[in-house]
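Open the model in your viewer and get your selection tool ready. We'll go stop by stop, and at each one you'll get something to pick and something to look for.

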Amino acid sequence: MNTKSAAAPRLSTKTLSLAKPGVVLPQYDRSKTAIGIVHFGPGAFHRGHQACYFDSLLQRDPRWAICGAELMPNGLMENAGVQDNLYIVAELDANIHYRVVGSHTEYLKAHGQADKIFARLLDPNVKLVTSTVTEKGYYLGGNGELDLDNPAIAADLKHPTAPGTLIGWVTEALARRKAAGMVPFVPVSCDNVMENGNKYHKAVLSYAAARGDKDLTAWITDNVRFPNTMVDSITPAATPELMERIAREAGLRCEAPVQREAFRQWVVEDILGEGAPDLASVGVMMTKDVAAYEFAKLRLLNGAHSTLAYAGLMRGRESVGEAMADTKLSHAVELMMREDIVPTLRKTPGLNFSAYISDLLDRFRNPALTHKLIQIASDGSQKLPYRIVGSLTDALKGGRSIRRFTISLGAWMRFVERQAKAGIAFQDPLNDKLTAIGKACTGNAAADVPKFLALREVFAADLAENPQFKAAILAAYENFEALLD
Ligand code: CS2
């Protein structure tokens, strides 16, 4: 820590007035707000995205403060606790902005404060229960349905009143609201899962049925809305350098900072019902057709991201910026977006795909942000099905080329082999399986690739057995770089 940043006072309600000129401060009296939202998984993306929308909304409506409910043993919001739950979002883009976000006014940990979280979930003022638990936090199998055999889900079914998973928590909270004769809250997934609301809904119903509670299952079916959403803002993980920079440039030390690009988009299915927050008033797009926006974003932005990540890492690049500067790679990715992904999309109101792709590529080149490829490479077994395999399957069905889609898949397989043989664990629910496969890889495609194709969490059986796909994926595993031409 250098002397200047060391001198910066720690962010808190008391030190807000010491922020440097230009730092945006909460424009409302936090002491006069009420909690209307419980958010499960208050990680960086949530705090830079949804929490900023609610921070703006609180300027006109004090009912929508957030209680952060942490399911993980040690979340970064822990550090915000001593900051009166305040934290700083550094918007690093063509212009640099620092914003102190005040929408979080309570932070509770499932480990040790479960009763307080349940009390908050049973608070009639709480209308939305939002979540960012990443794709893996829904415990969906390769078929997109709840994996009841997953140990975490099985454990919750054994102890339904003391859950550990989002599905277990939301189902138990809804059961308690039903028992108390209350109206339900609206569970809102804010994760990169295709048709996230529909899948979340089905998972909760499946879990409630597995609890043997027919009345609860019927009540949820009849009364609980699970809106689909699309969320977007590039949010690289925070670093110690970010903390130092904020201390220097904003004049306050924040130990739970968020960094992100200027761009933010939130598309929410317009079924929140009466009494819900007026999200449209702060720029959220409320629509009946979220799927079109979800498909476009998950397949174009996230499909490109995963391709840049695995192919870039295998070509020695470390960040999205570096991968984009690798013109062979970035040119192939742009062609995949424009020529291969767009035909899999349906018309999206107000979205010109060509302009959208150009904007995405500009966002990837943002020189003010360093977005590490290894961050994007996490949870590949959960991400690739939505981001790549879906588009590839549609192209196959449409008789179109799947060649460029196999770049990410071939590079991912090589990445798995390299990391496993280097003894580096995967941040992926399939870590054990991937480690075993990676260590067993010989470099011979005919021997290695079938081990990956047997992963039903990633590849459906009919795809894995498709001769055209098998030939293409074998070639990509042999030499994905040949596909960059
Ligand atoms: C990224 C996403 O880490 C990743 O997997 O592809 O977090 C991406 O930055 C966001 O979806 C952008 O909205």
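Below is a tour that starts with the domains and then moves through pockets, cavities and single residues.

**Stop 1: the two domains**

Keep in mind that this is a predicted model. Begin by colouring residues 3–288 one way and 291–484 another: the domain assignment calls these domain 1 and domain 2. Their centres, taken over C-alpha atoms, are separated by 28 Å. Now look at where they touch: domain 1 puts 30 residues into the contact, and domain 2 puts in 27 residues.

**Stop 2: the second largest pocket**

Select G142, P385, Y386, V389 and G390. Out of the 32 residues lining the second largest pocket, these are the closest to its centre. The pocket holds about 720 Å³ of space.

Where does this pocket lie relative to the domains? It lies between domain 1 and domain 2, because both of them give residues to the lining.

Next, show the helices around the second largest pocket. α8 (196–210), α11 (290–314), α16 (380–397) and α20 (461–464) each bring at least two residues to the lining. Which of the elements gives the largest share? That's α16, with ten residues. If you colour the lining of this pocket by class, you should get eleven nonpolar, ten polar and eleven charged residues.

**Stop 3: two cavities**

Time to go inside. The count of cavities of 30 Å³ or more comes to two.

For the largest cavity, select I234, H305, V320, G321, R363, F364, N366, L369 and H371, which form its lining. There is about 70 Å³ of space in there. Helices α12 (320–325) and α14 each contribute at least two of the lining residues. By class, the lining of the largest cavity has four nonpolar residues, four polar and one charged.

For the second largest cavity, pick D191, N192, V193, T229, M230, V231, E294, K297 and L298. Strand β8 (229–232) and helix α11 are the elements that give two or more residues to this lining. The volume of the second largest cavity is about 30 Å³. Four nonpolar, two polar and three charged residues make up its lining. Turn your domain colours back on here: domain 1 and domain 2 each provide at least three residues of the lining of the second largest cavity.

**Stop 4: helix α3 and the cysteines**

Select residues 50–57, which form helix α3. Is this helix buried or exposed? Eight of its eight residues are buried, so the rest of the structure largely encloses α3. Click along the helix and you'll pass Q50, A51, C52, Y53, F54, D55, S56 and L57, each of them buried.

Stay on C52, which has 0% relative accessibility. How many disulfides does the whole structure have? A search finds zero. A disulfide is a covalent bond between the sulfur atoms of two cysteines. For C52, the closest cysteine sulfur is in C254, 12 Å away, and that is too far for a bond. C190 is in no disulfide either, as its nearest cysteine sulfur, in C52, is 13 Å away. C190 also counts as buried, because its relative accessibility is 1%.

**Stop 5: P343, in a loop**

Jump to P343, in the loop between α13 (327–341) and α14 (353–364). P343 is partly exposed, with a relative accessible area of 38%. Now select A395 as well: it sits 52 residues from P343 in sequence, yet their C-alpha atoms are 8.0 Å apart in space. What does P343 contact, leaving aside neighbours within four places in sequence? Select R338 and R400 to see.

**Stop 6: G410, in a helix**

Last pick: G410, in helix α17 (residues 405–421). G410 is buried, with a relative accessible area of 0%. Leaving aside neighbours within four places in sequence, G410 is in contact with I473, A476 and Y477, so light those up together. Finish by drawing a line from the C-alpha of G410 to that of A311: the two residues are 99 apart along the chain, and the line should read 8.4 Å.

Methods
Residues are numbered from 1 along each chain as its sequence is written. This is a predicted model: local features need pLDDT of at least 70, side-chain atom pairs count only at pLDDT 80 or more; totals for chains, interfaces and linings use all residues. Side-chain values use heavy atoms; hydrogens and water are left out. A disulfide is a pair of cysteine sulfur atoms within 2.5 Å. Buried means under 20% relative accessible area, exposed over 50%, partly exposed in between (1.4 Å probe, protein chains only). On a 1 Å grid over the protein atoms alone, a cavity is a set of points where a 1.4 Å probe fits but cannot get out, and a pocket is an open set with protein on both sides within 12 Å along at least five of seven lines; lining residues have an atom within 4 Å of a point. Grid points are joined across faces, edges and corners, and a volume is the space filled by probe spheres set on the points. Helices (H or I, at least four residues) and strands (E, at least two) are DSSP runs, numbered from the N terminus. Ala, Val, Leu, Ile, Met, Phe, Trp, Tyr, Cys and Pro count as nonpolar, Asp, Glu, Lys and Arg as charged, and the others, Gly among them, as polar. Domain bounds come from an automatic or database domain assignment. Contact means heavy atoms within 4.5 Å.
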